Structures are given as structure tokens and as C-alpha cells.
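Welcome! Here are a few short exercises with worked solutions, to be done with the sequence and the 3D view at hand.

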Amino acid sequence: MSQLLRILYHYSRTRLLARRWTDRAGLERWQERQILRHLKWVRQHSSFYRSWWQGYTDKDWRQFPMIDKGIMM
């Protein structure tokens, strides 16, 4: 029974409480906030990216230096 309640909870949360953007600009603002939130987490938890992105602010994420597998390894 608890599995069914969990499924119903997540379904209702997705369908009834889901974000509904009225325009593209609203969606893009939300996406930008999510990216900045993720970058903050990455900088806190990854010494590699903390040093690789040194000198850049999170808001400059579009200008971050490119990385390939060779650099990362």
C-alpha cells in the first residue's frame, strides 16, 4: 500500500504542482537559476572544476573554457 501512495504522491506532485511557465522567458529564467545552482554545487564538490574555472564567475558559465576527456583525465 505504501508503494501505491508513493506513486500517487509523485504523480499528483508532477501533474498538479508542476511548474507551468506562461512564456519562454519564464522558462529560461528558471533554467538559468537551475544552472547556477548546479554550478555552485559542482564548485563545492569538485576540486578539478574549482581550479579549472578559476577566474570565472558562475554567471559567466557560457564562457567557461572547453574541456575534453584528455584534459579531464
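**Exercise 1.** How many helices and how many strands does the protein chain have?

*Solution.* Keep in mind that this is a predicted model. Going through the chain, you should find 4 helices and 0 strands. Written in sequence order, that gives the pattern α-α-α-α.

**Exercise 2.** Is the protein chain more spread out than a compact globule, or less?

*Solution.* Start with the radius of gyration, which is 18 Å. Next, take what the globule rule gives for 73 residues, namely 11 Å. The value for this chain is well over that, so the chain is more spread out than a compact globule. To picture its extent, imagine a box of roughly 50 × 35 × 20 Å along the principal axes, filled by the C-alpha atoms.

**Exercise 3.** Describe burial, surface and contacts for the whole chain.

*Solution.* First, burial: 11% of the 73 residues count as buried. Second, surface: the chain exposes about 6,800 Å², and 57% of this comes from carbon and sulfur atoms. Third, contacts: among those between residues at least 6 apart in sequence, 15% join residues at least 24 apart.

**Exercise 4.** Where does Met73 lie, and is Met73 buried or exposed?

*Solution.* Find helix H4 (69-72); Met73 is in the segment after this helix. Its relative accessible area is 74%. Exposed means over 50%, so Met73 is exposed. Finally, look at its partners: Met73 forms a nonpolar surface patch with Ile67, Ile71 and Met72. Together, these four residues have about 410 Å² of accessible area.

Definitions and conventions: Residues numbered from 1 in each chain as written. Predicted model: local features only at pLDDT ≥ 70, side-chain atom pairs only at ≥ 80, totals over all residues. Heavy atoms only, no water. Patch = residues over 30% accessible without salt bridge, like charges linked within 9 Å, V, L, I, M, F, W, Y side chains within 5 Å. Areas by Shrake-Rupley, 256 points an atom, 1.4 Å probe, with all protein chains shown as cover. Salt bridge = Lys/Arg side-chain N within 4 Å of Asp/Glu carboxyl O. Helix = DSSP H or I, 4+ residues; strand = E, 2+ residues; numbered from the N terminus. Buried < 20%, exposed > 50% of the residue type's maximum accessible area, 1.4 Å probe, protein only. Rg over C-alpha atoms; globule rule 2.2 N^0.38 Å. Contact = heavy atoms within 4.5 Å.
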